[in-house]
Structure formats: C-alpha cells, structure tokens
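Hi there,

Here is the structure I promised to pass on. Have a look at it first, and my notes follow below.

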Protein chains: 2
Amino acid sequence: MIMHSLTPHLRNSHYCFLPKFRNFSFSFPISHKFNFINPNFPQNSKTYPTFIVRNSSGSITAKPSSELRKKRGNDSDSCSDSDQKLGDLRELFSKPNINIDAYIIPSQDAHQSEFIAECYMRRAYISGFTGSAGTAVVTKDKAALWTDGRYFLQAEQQLSSSWILMRAGNMGVPTTSEWLNSVLAPGCRIGIDPFLFSSDAAEELKEAISKRKHELVYLYDCNLVDEVWKASRPKAPNKPIRLHDLKYAGLDVSSKLSSLRSELAGAGASAIVISMLDEVAWLLNLRGKDIPHSPVMYAYLIVEIDGAKLFTDNSKVTSEVMEYLKNAGIDLCPYESILSEIESLAERGAGLWLDTSSINAAIVNTYRSACDKYFSGRGYQNEIERSNGESSGRYAVYRSSPVSLAKAVKNDAELEGMRNCHLRDGAALAQFWSWLEEEILKDVVLTEVQVADKLLEFRSMQDGFLDTSFDTISGSGANGAIIHYKPEPGTCSIVHADKLFLLDSGAQYHDGTTDVTRTVHFGEPSSRQRECFTRVLQGHIALDQAVFPENTPGFVLDAFARSALWKIGLDYRHGTGHGVGAALNVHEGPQSISFRFGNMTPLLKGMVVSNEPGYYEDHSFGIRIENLLFVKELDTPNNYGGHAYLGFEKLTFVPIQEIRQG
Amino acid sequence: MIMHSLTPHLRNSHYCFLPKFRNFSFSFPISHKFNFINPNFPQNSKTYPTFIVRNSSGSITAKPSSELRKKRGNDSDSCSDSDQKLGDLRELFSKPNINIDAYIIPSQDAHQSEFIAECYMRRAYISGFTGSAGTAVVTKDKAALWTDGRYFLQAEQQLSSSWILMRAGNMGVPTTSEWLNSVLAPGCRIGIDPFLFSSDAAEELKEAISKRKHELVYLYDCNLVDEVWKASRPKAPNKPIRLHDLKYAGLDVSSKLSSLRSELAGAGASAIVISMLDEVAWLLNLRGKDIPHSPVMYAYLIVEIDGAKLFTDNSKVTSEVMEYLKNAGIDLCPYESILSEIESLAERGAGLWLDTSSINAAIVNTYRSACDKYFSGRGYQNEIERSNGESSGRYAVYRSSPVSLAKAVKNDAELEGMRNCHLRDGAALAQFWSWLEEEILKDVVLTEVQVADKLLEFRSMQDGFLDTSFDTISGSGANGAIIHYKPEPGTCSIVHADKLFLLDSGAQYHDGTTDVTRTVHFGEPSSRQRECFTRVLQGHIALDQAVFPENTPGFVLDAFARSALWKIGLDYRHGTGHGVGAALNVHEGPQSISFRFGNMTPLLKGMVVSNEPGYYEDHSFGIRIENLLFVKELDTPNNYGGHAYLGFEKLTFVPIQEIRQG
C-alpha cells in the first residue's frame, strides 16, 4: 500500500524495464519509450528533397512521394470508419460459439514483445489510436480506451466520438475492470484473446471481474479484431531467419541447451516453454527480421530433457537454418500447433516450467486443463507443494524463465561484439555530430526528422549495421522535454541553434546493440540549463564511478544518479538504467537501475546496463546523458566480507559536450 | 528467494530495527545491539576502588563488594543445575493437561520488547545462556539452543553438556522447526507459551512443523519454565507509573485517542489491541520503570470507539494516575484479564484491528476462536474480503498498528524536548571527553567499564536524567570491532592511549532520548585507521547532507553512507539508521535506513533517525560515528513534481575528533 502511494507520479515513466513490462498491468497500461507505429513520411518536399524511407526492418529504401501520399491517405480512411469496425465487432459478440457481452483488446502480441509486427496491432486498428500504450474495451453499447498521460492529446485526436477516452492515472478514472464492473449487469461474459494476456494478467483480471460475478471467456479459436480486419490485415511477417555467428554468440546452441536442461532437472521440471522472442533467439543463436528494431522472429520454443521443438512459420526457415536445427536436435513445428503440443506434453506427464509473468494465458490454461483431464488436477500444485518430498514430473514449476538471466549475463564474445559495435557506432556518431555542428553553424535549416535520418545514413555505412534499435528521439527545445518524443515529418520542429537538442538513438549490428543519448547546445545555454545539465552529468558520473559489493540490486544505485538534482529539488520521472541485449532487444531484463524497488535482481558481472539520468522542464527543454556500461569485477584494495566489489566499464564512446560557462 | 541469497552475510547484523524485530524470525534469532542481562560487577577491587552499581532501572547505588561476590556466586550455581531444571521441565510434559513431546522457549516477553524484565528471561534461566538472542527447544531426550555468531563463544561457555549448541547461520545448521521435524517421530505435540510468540511467528511455526504432522499446542494456562523456576523467579516489576508531562508530549491523551478512533472507524474496525509497550506509553502520555533503559510499563491497552481499557498491575497505578485515567475515560483492568476481555469483545461483535506481527498468538487466537464460537468463523475473514462491500464490525482488520507511525512522527513539543535533552546530553559528553582525555594523557589506567560508569556519572548530573537508554558500548582497540560489545568488570580491557576507542551510549531524560557514538584516538592512529575513519565520516556526512523527495523510503539513502567505503572494497554489516522514540525506546520503527529493502516506510517530516555508519576490522579496531537527526522539509530552490524535498537536522551536538595526519 505504501509502495503505491510512494511514487504515483512515477508510474507514467517511459522506460519499459522488462520486469515490470512483463508483468503487464492490465488496468494501467505500462508505457514505454518508443512508439511502435510505422514511421510516417515527410510532408514538405521543399525542405526535404530526398526521402529516406525505412521499411519495417529498418533498412533504407527510396520511394516516390506519390506512393507515400497514398499510404497516408489510407491511414486517415481507416480512422474515419471506426464506427463500422465497432459495429462489425459487436456483431460477432452474439455468435453462438462466442456469446460475450464485452471484449478487451490490449496492445500486446502473444509474446509480450515491446515492439510488435503490424498485423498484431489490433488495438490500434480497432480504435484508431496508434500510441504505443493503450487498452480498448468494447461492450455491446460502449467503447472505451485507456491510455496514459503521454497520449491524452493524441488519443483525443485519433478516437472517434464512439469512444470514451479513459485518462489512466487521473483522479477518479476507473481501471478497465472497475469500469466493466460498473457498466455491465452482474454475471456477464467478458471475452479476451488468451494469447494476448500473460497468465498472471489474465488471472488478475478474472479475479477483479469476479466481484460482479462476471466470467472471463477465453476465445482460443479466433481473435475478433482479426475477423473484422479480414483482408486488409497485413500479413504475418515471414522474413527469413538467419544464423547468429558463433563468434558473436560465444556459446553454441548445444551448450546453451545443455545448461538449460540441467536447470530443468535441478528444478524437477522435464520441459520448459520459452515465449519471449529474444529468449528464443538467444538460446538458439538465431536472429530474425519479423519486428522493427528487434532482430527476432515470431516463434515459441519447447525444450524437453531429451528434445526441443521450435514453433515458427516454415517459410522463414532457410535450408541452412533447417540443417542447423536438425544438427542441434530441434524439430520444427508450425507456429499454430503450440497448444496441441502443450496438451500432448501434459498427456505425457511432463512437468512444465512456466514463467506465468510472460507466458500467455492460452498456453498456461491449456496445460492446466490438460493436467486436470489426464491427472485430476495435480498440475495445479505449486512449486512449494512440489518441493515437499513429491517426486518430479507431472507438476508445473512456476518460476521466472532461467533464460532471461542467462541471456543478461554476457559472455566474453558477446562483450567483445558489444565493444566493437560501440566503437563503430561511436565513429558514426562522431561523423554525425561533426556534420550537424557544421550545418547548424552554416545556418542550414534542418528538421528533427532530417537530422535523425542523417544519423541513420551515417550509421548504415558502418559494418554490420542492420537497423535502428528503436525510433530515434530527436528533440529540439521543448520537444526534448517530451520523454517519448517521436518527431514526425511535417509537424516536427527544426533543430534550433539556440536551444538544447536531445538525441537518443541506437542501432542493431551483427555483433551488438547500441543505445546512446547526448544533449547539446550550438549556442549559449542559459544559466538554468547549465545548472541542470551539470547536475545531470554529476549524477551520470556518480553512477558511472560507483563501486558496490556483489549481489547489490540495481535500485540501490539509482539514488546516486539523482542526488545532485535532489539537492536543488529536481528529479526525473524515469528509471536510470535498463538492461540491453547483445545483438538483441535494446531493452531487456531482468536487471534494472530504477526506483522500482521491487526488482531484487542483483547486478552481475557481465550484465549490460544503460546509465541515463535526465532532467526535463516541460515546454522548455530536456536533458539526458546516456551511456551503456557493463558490470565488471574491480580490483579493490580490500574485499570486505570476502565479497567481490563491482563497478562499470563504458561501452559507449561518444563525446559529451562541455557546456560553456556564460 | 533472491533477497535471501543476496545478503546472507548481513543476517547477523546487530541492529534490531523494529520492523524486523517485531516480525520475530523464529528459526533465526534476530540479534540486537544491547544485551539485556543485568550488569555484573567489577572483580578487581584494586583498580576500581569505588563500585558504582546500576540497578535494573539504571539509577546509581553503591554496594559493598561482598554482596556483589555473593550475587556472582549465585549466578554460577544456577548454571550448574541446568540438568535438574531440564528434568523438572520434562516432568511437566507428561502432565495430563499438558501432554507434549517438546517445548520451545524463546527470548521474548509477551510484548515483543527489545529489553525485558528479569522475570521474563525464561530462556536464559532454563538454558544458562544469557545472551540477548537465542531460542531453546527441549524434547523428552534432547535440548538444543539456537543463537547467532555473536554468541557462539558465550553459549559454549554457559551451556551444560546436556545442551546442543545450534550455531544459527552456519552451513548445515537446521532451523528449530527443521530440527524438530528431524528428531521427533511424526505426529508429535509441540508446546509453546502463546504469549511469547507473535501471531505471525506462531503461524509460521505451525506451518513448518505440520510437514511432519506435528501439532502446535498453545499452553495458555502456565509457562512451564515459570513452573520450574518457582520461588526463585524474580517478581514481576511493579514500579509506579508516572504521567508524561504535556509540555513534552505535545498532544493530550484525548486528542491521541480521538485520532486513533478516527483511524479505527476509517478502517471499519471498532476496537484495537495495543501491545507494544512504547505504543501504550506514548498513546496515554504515561511512563513506567518496569524495564531497564525503556521508560515503559507492562500493560495492554484496548481502545474501542466509545471507551478504553488499560490492563496493568493495579499496584503500579498511583492515585494521581488513577485520577488521570478516569478523566481520560480509561478503565483499569488486571493485566491477566486481557484474554477474557478479548473473548468478551468478540462476543459483543467488535471488529478488532490486529497487527499480527506484534500481537501475540494468545490474543489473536483467543479472538479468532471466540469469533468462531459466536459468529461461525466470520472473524477469520481478512481485510480484503471485508473491504469488499461487507458492513463493518465483527471482522478482524489485519494491519500494522497505526500508533507505530503516529508515534514515529514527532510533534513540535517532542522535537523541542529531543533538542533540549540532546544539548544537556552533549554537555555531559563534553565534560566526559574532556575528563577522559585528561586522565589518559596523565597515564591513569581506566577500564572500559570505569569509563562507561564515569560517563553515567556526568549524565546523571544533568536535569531530567532517568536512565541509560541501553548498556553503554565502551570498546578499546579490538573490542571496538565487536559490534554488540558489552564490557564486563574483571574481563574488560583498559582504554589504551594508542588504540582507537569506540563509545556508543545514550540516555533517557524526562524530555527525550539520546543515542550517540564517537570514536577517538588519544595518540597517533595508523594510516589504515585514518583512511577508514575518513571514509566512515564521509559516509556519515553524505547521509547527513542528503536531500530527497518526500515519500522516499529510508533504504534509498543507505548507499550514500556506504559509498566511500565501497570505493575501496569496505563495508559494514549493520543498518545505517534506526528510529528513536521521544522519551521512549531508543530503537523504534517503523522507519529505518538500512539494506533491509523490504521496509517501504517513507522518511516523514518529524521522524527521528540515527546516522551511524561504521567500519570494523576484526581483532583490531572498530569505528562508528553516530548522530541523531530529525527529518525536516527543506526550502529547495525547486520543487519538481510539486513535491516537498526533505533533509535532516542534527539533534546531537558532540564534537567529532579530527584524526590528525601522521
């Protein structure tokens, strides 16, 4: 209770540190740093003669402006026919095999991914609201959309009058379940697509609506929005899967599988379902192109003691990958067959390791029901009961995925790749900043989008470049204070010489992933800006230089980064550091450096974290200084308590501007 | 789980921050800073011609050495007859109304007090082990005593061969319940005195032993150790209760009761049981002399919406206090009648607010059984169920005591008293340090005990002095590294001019409570000592100067106090700050500044905390620098997020020695 009231102002934080993100809080959408919507395109061709167009995988292509306009036109059409879509959706409610009174449409895909493929953007399709965080709820006569403070304005503009905008976090605004409990007569049936809710989130929802005796109905067979979407729905991505070179991965798939199997055996489990896409990619040393910014493919993986099955679309699997999987003892199965395999596992008496914070409700419930069917409910027994002298097998083990931690602790090859790609990334950034300074000093007018695209151009010339690791945050002046700012051509600002300019960007390379923020001024900053910048930098340096005993959770260090700001009554409403994958997701868990004190994961040698304190003055300016660091053991003169003492080494090498004294 | 493995080395910490202390961890005795055993007396009358003898209330009397020797003789006798006591105890096991196979004897009294009256030191009596932390378990053929690393040596010396010493925290040492599960045949009856276990601790124990189908038997009617102890058992303390002047309390009893009653009503409860002795004293503006160091009396208090009852020994209540209670609408009841009143409350349908982490199992179980009896078990319903639209009354509300937080946030009068007594205390300490320096430089040989007693002499000359607030920790050289060190006459060291000397002491005054530590060197400290002292002081200053937003839990600041030590691989194995009562217990919750990250209580304006980082080099030296501070709102140039920013103001005014450069 106290935790709750402690940081109400911090709940809109823009960082989707995975531990929180994976515990999808249904009634209060977890926001994140980057929009997942596809980039729109420059409107004013005069100031921006050459269009650089990124497709969903981030590679650069050039398209004529006519095609771009056509695409934009389609977008606005799809916004105006919102009522038609709602009508079509409600018609499905009364179909005999469905028979529901309300339907909930979250933002998620089936894997709790931060970035998702376009075909899974169902909430955006049905509501017209394209922000990254939001939940739509449709009853027979009402439709409501929940989003957080970052998106109130955008939602107001995008939602038709059929929609009620629920400003989550504002006083008196109900949660989705509170709202459903108030607008529906008792005893209604509320439908969800069980693939789109983590098991934990679904259980929480079920509990909340049971107060009015509503039933949560799992509609396994079809997603109702997809039924409405029909032919216009984008195809599921099916880009070819590629091998991730052992020289970057450091550990071959058989070693990784063997460690995982030891963990399974140790926990008394005989199989595990991996559903987080970066975990699947990391474990198999495979990479995909299904999602912008994240080099992963849509897939589930089941690892048993004596075998493994990859569930993915056949068409993505080249003959090289097919051969590779065969050699690794991994069978290929259709993506859609995951539930039947779960059922079969239960029938065979497998003890399944389930991370219910990330595994979707469809999988967990299928396993539980099947255990009920075959073994009279013993599958429900929890780990505590199990460990109490019962023999192994046939019971679920409910624990965090062991792959999450294994992936977070980088091996030498992964660190080497991270170091190398950061040097190349730093070179691209040096070229970029030098170019930008020159242009600005020549009084060339450049928009935030043009600048971001130029950076992409420099990065794409570097060896091994694949994609941006998130949509570049390029914010001049007041835009720098919008933490999730995404400049759009046509509406974005120009980069003013007399304002602070905040640039947060990153890239995916074959050998690693980068994420770096710099804030610069091309003219004379105010004394206020100098003071704030200095204190942010002091915090950045305090964290950078921190030394701490092994087993220290990240949140212990969070205050170091804030202390200099606190001294004059300033702060920032986001965490200080998140994990970063090695040639994988730019945001990963389980560690974080944050005021989210519940995350007890210690910072371990080999983990990569960002160090990104900031300060934001609404309608005026934003400051953030971000490096990536890795955790290393230090050679301290003492080792009190026999403990190793840890610190950080920088991965990022990009100059920090010295803001000149006025 | 991670929390557990994170800080195994920290579990022997010496600070009994109340939030942890109150959640008495049965299998692993929570240690605390100060022994509760009565002081022994100097042996060598040559070096210590005048005996200063403190009685249990801390006032000073002089006794002839013959009487002292007699007392010591008795002590050793009582150690040798341990087997006889065990035999007598086991004989009681088979009595028809008892019929148990094992009996557990914890250190606690019925109120989870840190310091307890001698008549309640049952574990010390039965086992002969007098350390502050320990649990004795006696079966029909075995006897075992659990204590932690601080007391292994002492326990080895004090336990007879009939006892197995369980070195808690060492590899492979079972918990009490694990041991009982292993040595008893399944289905045994394990007896406890339910007054001596918090309800939470008893439930945990019950759960743990149920694995072998043992039954936990609550023996309400008698404490078996008391039965063995018989006539030689010290009488229950019955010192007169006195009024705590309103000019120190700041708020009269009717205002306090009225606030409490509002909280009860708000929570839907109609009555509350207060069992923590400092909470009873604070709420009623009364003080007692039942326990050394703590100005409290043994009592329970029940506050109902329309009345209140104080359960205490009539003989402690002077006519003045009787009149006072009558005016405040508080009825006086015998201490022993608490359970019958609880039963009567349940019968009358009262909804009882119970803090099960501090209220003993006897009370909680009596209430539950009575609710079962009168209302078919509805008393079991927990708060969540209750709040769900049910009408109030007749159900327990399980929450932390609201008095704990109210007491921790000092009002202006309390802060004024704390400020004033700290100035007088500082004057006494200044006299003392000046005296000590002079004596040492004159080469006078002084023992740690003599020095502590001289300090007591200076303090006792100050207005309003009542008692020490804990046994003075006076440690020269290596003794300073023993965090719980209590010098004993005869065995204690002299205060060497060429060693670091650590002195941690405090006092109870009519208007407040003090706690201060200084570490000094009368000669030339080594460069190692200088470095460590400097870093401890840097940590002390970092915390002293910290600024933080309102609603920050104390643990967020803990790392500030350690950072300078961490930089060279050093640390200390205790928390950095605890709450302190105003003319009450020297240790109070709910706030703390500690690596115990679970304590989410924010530091609130008006709270008093200690700031006491340290460093301890085993067998060599110890350093600790401690001030008391209170939390105040700062006038920062900004108030980001609309929040108040808080900091500390010093209560303690005692010079910190500048350790000279060599």
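**Notes on β13 and the nonpolar core**

In chain A, strand β13(A), helix α13 (residues 319-327) and strand β14(A) form a right-handed β-α-β unit. Please keep in mind that this is a predicted model.

I spent most of my time on β13(A), which spans residues 307-311. The strand is mostly covered, with 5 of its 5 residues buried. In a regular strand, side chains alternate between the two faces of the sheet. Here G307(A), K309(A) and F311(A) point one way, while A308(A) and L310(A) point the other way.

β13(A) has partners that run in both senses. With β12 (residues 300-304) of chain A, the pairing is antiparallel over 5 bridges, and a hairpin of 2 residues joins β12(A) to β13(A). With β14 (residues 330-333) of chain A, the pairing is parallel over 4 bridges. K309(A) is a handy residue to click on: I302(A) stands opposite K309(A), and the bridge partner of K309(A) in β14(A) is D331(A).

Now to the core. The largest nonpolar core holds 92 residues. Those with the most contacts inside this core are F548, L557 and F648, each listed for chain A and for chain B. If you want one place to start, try F548(B): leaving aside neighbours within four places in sequence, F548(B) contacts W566(A) from chain A. On the chain B side, the contacts of F548(B) include L557(B), L603(B), V631(B), Y645(B) and F648(B).

Happy browsing, and all the best!

Definitions and conventions. Residues are numbered from 1 along each chain as its sequence is written. Chains are lettered from A and ligands numbered from 1 in the order in which they are written. This is a predicted model: local features need pLDDT of at least 70, side-chain atom pairs count only at pLDDT 80 or more; totals for chains, interfaces and linings use all residues. Side-chain values use heavy atoms; hydrogens and water are left out. Buried means under 20% relative accessible area, exposed over 50%, partly exposed in between (1.4 Å probe, protein chains only). Two strands pair if DSSP finds at least two bridges between them. A crossover is right-handed if, with the strands pointing away from the viewer, the path from the first strand over the helix to the second runs clockwise. A nonpolar core is a set of buried Ala, Val, Leu, Ile, Met, Phe, Trp, Tyr and Cys residues joined through side-chain atoms within 4.5 Å. Contact means heavy atoms within 4.5 Å.
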